[in-house]
Amino acid sequence: MSELQRAAVADLLRIAPVADELGTVFAAAGHQLFLVGGSVRDALLGRLEDDLDFTTDARPEQVLRLVKGWAESIWQTGIEFGTVGLAKAGFRVEITTFRSDLYDGETRNPEVTFGDTLEGDLLRRDFAVNAMAVSVPGHTFTDPFHGLTQLAERVLDTPGTPEQSFRDDPLRMLRAARFVSQLGFHPAPRVVAAMTAMAGEIDRITPERVGAELVKLIMGEHPREGLRLLTDTGLADRILPELPALRLERDEHLQHKDVYEHTLTVLDQAIAQEADGPDLTLRLAALMHDIGKPATRRFEPGAGVSFHHHEVVGAKLARKRLRALRMPKALIDDVAMLTFLHLRFHGYGTGAWTDSAVRRYVTDAGELLPRLHKLVRADCTTRNPGRRAALQRSYDSLEERIAQIAAAEDLARVRPDLDGNAIMELLGVPPGPIVGKAWAYLKELRLERGPLDRETAEAALMQWARDEGLIG
């Protein structure tokens, strides 16, 4: 270990004295304890957070006895896999007994067997950069698979063969892409080869686990490269087929842009607009905004290529894919709505929208309007600086009009000018479908004409009721 790495580990143990304290507790009972895996990796990268992982020769029941009275709280949700969790001094700590798991090659659920050596435990880990350990309180550094060298070179490789590692747990292939996104690493050639050859093995993993790993990838610092790795290895064909489907064969006259590369650029440009940290909704919308194009592409005689209604098809496809990945309903609804709305701005042209159209744009977007602004701006990927500047100016104009109308009309809370009670009183009807229809009519009128005074709204309601045959 170089002086730099020694300093990093020493710094880790200085800011997390719980490590040495815990090591002392275990040593007094005759057991070994090692800081391990992501905690060591992140310490060496200078990005340690408040989660600490340890491994030990003590069995779970022994670990429980040792930490009782020392930990502030203890949980046993992972104890069947040899893991005891605890909280201490603001840190979340997990202590796992040395493992030497056996896999059946059909599922990703191992037959949990406890091991006797640190080296055996490190061998079963996913990547060599996660297979380093530091003893506590002794601070002896163990690195049997050259993880430190790979960390310096920003390489991802497996302790054993990647084929065996991925056969044991196919989710590790997605973890490779996730680490590319989160850490800016690149996979070793043999890892890429194994991922490509074994992409079908990912079908053994539950959609929930796949979805959770994909979210971590998308929320990383370099999601474009992680997604590209999934696409290049064929993994995306299994878990996110809409992405590789964007690699449309271009016609001989190159009359449409490369939709796949365009999508990755839109993702980058959306991320560049994030002001308060990673935004999963915005990133997913950027990734999926054009997934309706393959199904809607048409070569028009003498008119190039069209993708009519791709936003409608794309919204449906986004819902279907995100449901398959077991994403939360609210997230699915938001991504689908942004996908559906992302193209509407292009009807704005040179500012020809009526105030009514502006109101509808704002009302349909609702709370998603700030994200829609970012998505639409990110969707401008033309290399023509004049066209790019014109599009941005046009959207600036739309935002200015939204602000002006919002200031005058409180667009954030567009409601009919009469509420349900007033509708029932004027029409002499009880609660029911008629009230709902009248409310919807008044809402449309409000969007079309802006705020109405009470007398005008009542007159409009009564005229509607007469037209509907509700009153004479």
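For what follows, Ala, Val, Leu, Ile, Met, Phe, Trp, Tyr, Cys and Pro count as nonpolar, Asp, Glu, Lys and Arg as charged, and the others, Gly among them, as polar. I shall need that classification for the cavity. Please bear in mind throughout that this is a predicted model.

Let me take the cavity now. A search of the whole structure finds one cavity of 30 Å³ or more, and the volume of this largest cavity is about 60 Å³. Its lining consists of Phe345, His346, Val376, Arg377, Asp379, Cys380, Leu391, Gln392 and Tyr395. Under the classification just given, five of these residues are nonpolar, two are polar and two are charged. Which helices supply at least two residues each to this lining? They are helix H19, residues 369-378, and helix H20, residues 385-409. H20 provides the largest share, with three residues.

I turn next to the sheet. Seven strands make up an open sheet, arranged in the order E3-E4-E5-E2-E1-E6-E7, with mixed pairing. Strand E3 (73-75) and strand E7 (141-142) are at the edges; each has a single partner strand, so one side of each lacks a neighbour in the sheet.

Within this sheet, consider strand E4, residues 83-88, and strand E5, residues 91-97. The two run antiparallel and are joined by six bridges. Lys88 has Phe91 in E5 as its bridge partner. Against the sheet packs helix H4, residues 60-67, which touches strand E2 (51-56) as well as E3, E4 and E5. The direction of H4 makes about 15° with that of E4.

Finally, strand E1, residues 33-36. How do its side chains point, and are they buried or exposed? Leu33 and Leu35 point one way from E1, Phe34 and Val36 point the other way, and all are buried. As a general matter, in a regular strand the side chains alternate between the two faces of the sheet.

E1 has a partner on each of two strands that I shall name in turn. With E2, E1 pairs in the antiparallel sense over three bridges, and Leu33 stands opposite Thr56 of E2. With strand E6, residues 133-135, E1 again pairs in the antiparallel sense over three bridges; here Val36 has Ala133 in E6 as its bridge partner.

To summarise, the predicted model shows an open, mixed sheet of seven strands, helix H4 packed on that sheet, and one cavity of 30 Å³ or more, with H20 giving the largest share of the lining. Thank you.

How values were computed. Residues are numbered from 1 along each chain as its sequence is written. This is a predicted model: local features need pLDDT of at least 70, side-chain atom pairs count only at pLDDT 80 or more; totals for chains, interfaces and linings use all residues. Side-chain values use heavy atoms; hydrogens and water are left out. Two strands pair if DSSP finds at least two bridges between them. Helices (H or I, at least four residues) and strands (E, at least two) are DSSP runs, numbered from the N terminus. Contact means heavy atoms within 4.5 Å. Axes are lines fitted to C-alpha atoms, for helices over the stretch in contact, and angles run from 0 to 180 degrees between N-to-C directions. On a 1 Å grid over the protein atoms alone, a cavity is a set of points where a 1.4 Å probe fits but cannot get out, and a pocket is an open set with protein on both sides within 12 Å along at least five of seven lines; lining residues have an atom within 4 Å of a point. Grid points are joined across faces, edges and corners, and a volume is the space filled by probe spheres set on the points. Buried means under 20% relative accessible area, exposed over 50%, partly exposed in between (1.4 Å probe, protein chains only).
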